[in-house]
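Trainee: Before we start, could you walk me through reading a ligand site and the cysteines in a model like this?

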Amino acid sequence: MSEEKIGVLFATFECVPFLKTGGLGDVAGSLPSYLNKNGCDTRVILPKLSYISKEYRNKMKFICDYYVNLGWRNVYCGLFTLKYKGVIYYFLDNEYYFKRDNIYGYFDDGERMAYFSKAVVETIMHIPDFKVDILHCNDWHTALAPVFLREFYMLSDVYKNIKTVYTVHNLKFQGQMSDYMLGDVLGLYGNEAAMNQLRCDDRSINFMKGALCYSDALSTVSNTYAEEIQTAFFGEHLEDVFRRRRDILYGILNGIDVKEYNPGKDTLIPANYTMTKMEGKCECKKALQKELGLQVKADIPVFIMIGRLTEQKGMDLLDCIMDELMDLPLQLVVLGTGDKKYEDMLLYYQEKYKGKLSANIRFDNALSHRMYAGADALLMPSLFEPCGLSQIIAMRYGTLPVVRETGGLKDSVKSYNKYDGSGTGFSFANYNAHELLFLIKDVLGVYYDNKKAWNKLIHQAMKEDFSWTKSAVNYVNMYKDLLGE
Ligand code: ADP
């Protein structure tokens, strides 16, 4: 390994503890420090949204300001910094785009993301004492950065050796915008090469397609998903591009922050426990049942679901079998927000099955910890799942995941083998509600009739290494491939 560290600028719109709506926030909040343990100097660059808590905003230090060209606009950008848990963060300030109470969901999200992507690239020449070797962008929010870098900055000495990496965390949101933006915001109208690569039809452009065509390496968050997205079912109309660029497409499974998610030390749960001393988990279960108005009973399994309430997460399967599920000897706790129809569905069933089903329609990090700790099993029957973190966190807490074999679920959960007792959870193959129901019946069979096997599975799940150690090395190897090291 060369003596010099690899300078990585990690561009993202979410990062724990500043900004989070889902898995991207967790990844950005934990991966960089592991990259730094493996020969990188990784710094994270984020929008300075007013959504970020004052606790952090007040500590940020101003570095400098400059202007960014965006089509016909010349837009202010202030550069702030903050060191948090050993990692250097940069925050880009522009009140017109970022003085918002939410992260996304605005009419001008396309322009906001275009601005952020351009400002990220512009900022590279303004960061004092930091040489960027790799610009690592994530999801559609920063997808235009590799495009801008190549089209507007590549000729300058500061930029010409920078390699770009683009990671797909969520393929559903691609940043599909009106073609009008090409000239008005991106300043690329008339650039035939750029127009061809950004266009997805006569009237629209697609930010993510731009990143997929322009980046030097692509990655997604599990090996299986990297294969799946080359097919029409999973590719969300970009499968041709993934297939064309499959030689530079890497699949690297996410890790979790094993310090934040540690049942032995977690301060958000009522009692701590470890693999060898599990009594605390029973206390957590009792407390959870009490808190949520469920029947307090040690020997009934508590199933949980934590995540966005969308089609992706298998909510339709649940709807289809809910009455049959509620006939079984189990309790179900759901935590999540999402599509109104699924929120209403859960509230309806909660009313119908009082004391057996608890629906918590909100974002509540502390409750999620209490659920991971207090439950016996986690349901995750996703239609597709790039990686999924909930099942990994669940295993860390000795809560056995019940998943569909897709994407990262397939790569992270080893299905129970009743002949040799191996496994870290349970899985089913087809997106079919009754296949899920039958699997849950099997799970109950093990829970009620084979406690020894159940406890062995818990032990095996908790023993797995879910830290970023292995995956961080895979990212660093990808960077090295690009830099020819
Ligand atoms: P996604 O597809 O949303 O990225 P992941 O499983 O990869 O799904 O990550 C979801 C993360 O967000 C997990 O850490 C999960 O615990 C957390 N999470 C999701 N919804 C909620 C919620 N309503 N309250 C608290 N945490 C949540």
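**Around the ligand**

Mentor: Sure, and keep in mind that this is a predicted model. Among the 23 residues around the ligand, the ones that come nearest are G23, R308, K313, R362 and Y372.

Trainee: Which polar side-chain atoms lie by an oxygen atom of the ligand, and at what distance?

Mentor: For a polar contact, look for N or O atoms within 3.5 Å of each other. Here Y372 places a polar side-chain atom 2.7 Å from a ligand oxygen, and D26 does so at 3.1 Å. The backbone joins in too: a polar backbone atom of S390 is 3.3 Å from an oxygen atom of the ligand.

Trainee: How much of the ligand does the protein bury?

Mentor: Compare the ligand alone with the ligand in place. Alone, the ligand exposes 570 Å², and the protein buries 92% of that.

Trainee: Which elements give two or more residues to the shell?

Mentor: Those are α1 (23-36), α15 (365-374) and α16 (390-396). Of the elements, α15 gives the most, with three residues. By class, the shell residues split into eight nonpolar, eight polar and seven charged.

Trainee: Where does the ligand lie relative to the domains?

Mentor: Check which domains supply the shell. Domain 1 (6-255 + 469-483) and domain 2 (279-466) both do, so the ligand lies between them.

Trainee: And the cysteines: how many disulfides does the count come to?

Mentor: A disulfide needs two cysteine sulfur atoms within 2.5 Å. The count here is zero. Take C213: its nearest cysteine sulfur, that of C200, is 11 Å away.

Trainee: Is C213 buried or exposed?

Mentor: Under 20% relative accessible area means buried. C213 has 11%, so it is buried, whereas C320, at 48%, is partly exposed.

Methods
Residues numbered from 1 in each chain as written. Predicted model: local features only at pLDDT ≥ 70, side-chain atom pairs only at ≥ 80, totals over all residues. Heavy atoms only, no water. Near = heavy atom within 4 Å. Polar contact = N/O pair within 3.5 Å; in protein donor to acceptor, adjacent residues only side chain to side chain. Areas by Shrake-Rupley, 256 points an atom, 1.4 Å probe, with all protein chains shown as cover. Helix = DSSP H or I, 4+ residues; strand = E, 2+ residues; numbered from the N terminus. Nonpolar A, V, L, I, M, F, W, Y, C, P; charged D, E, K, R; others polar. Domains from an automatic or database assignment. Buried < 20%, exposed > 50% of the residue type's maximum accessible area, 1.4 Å probe, protein only.
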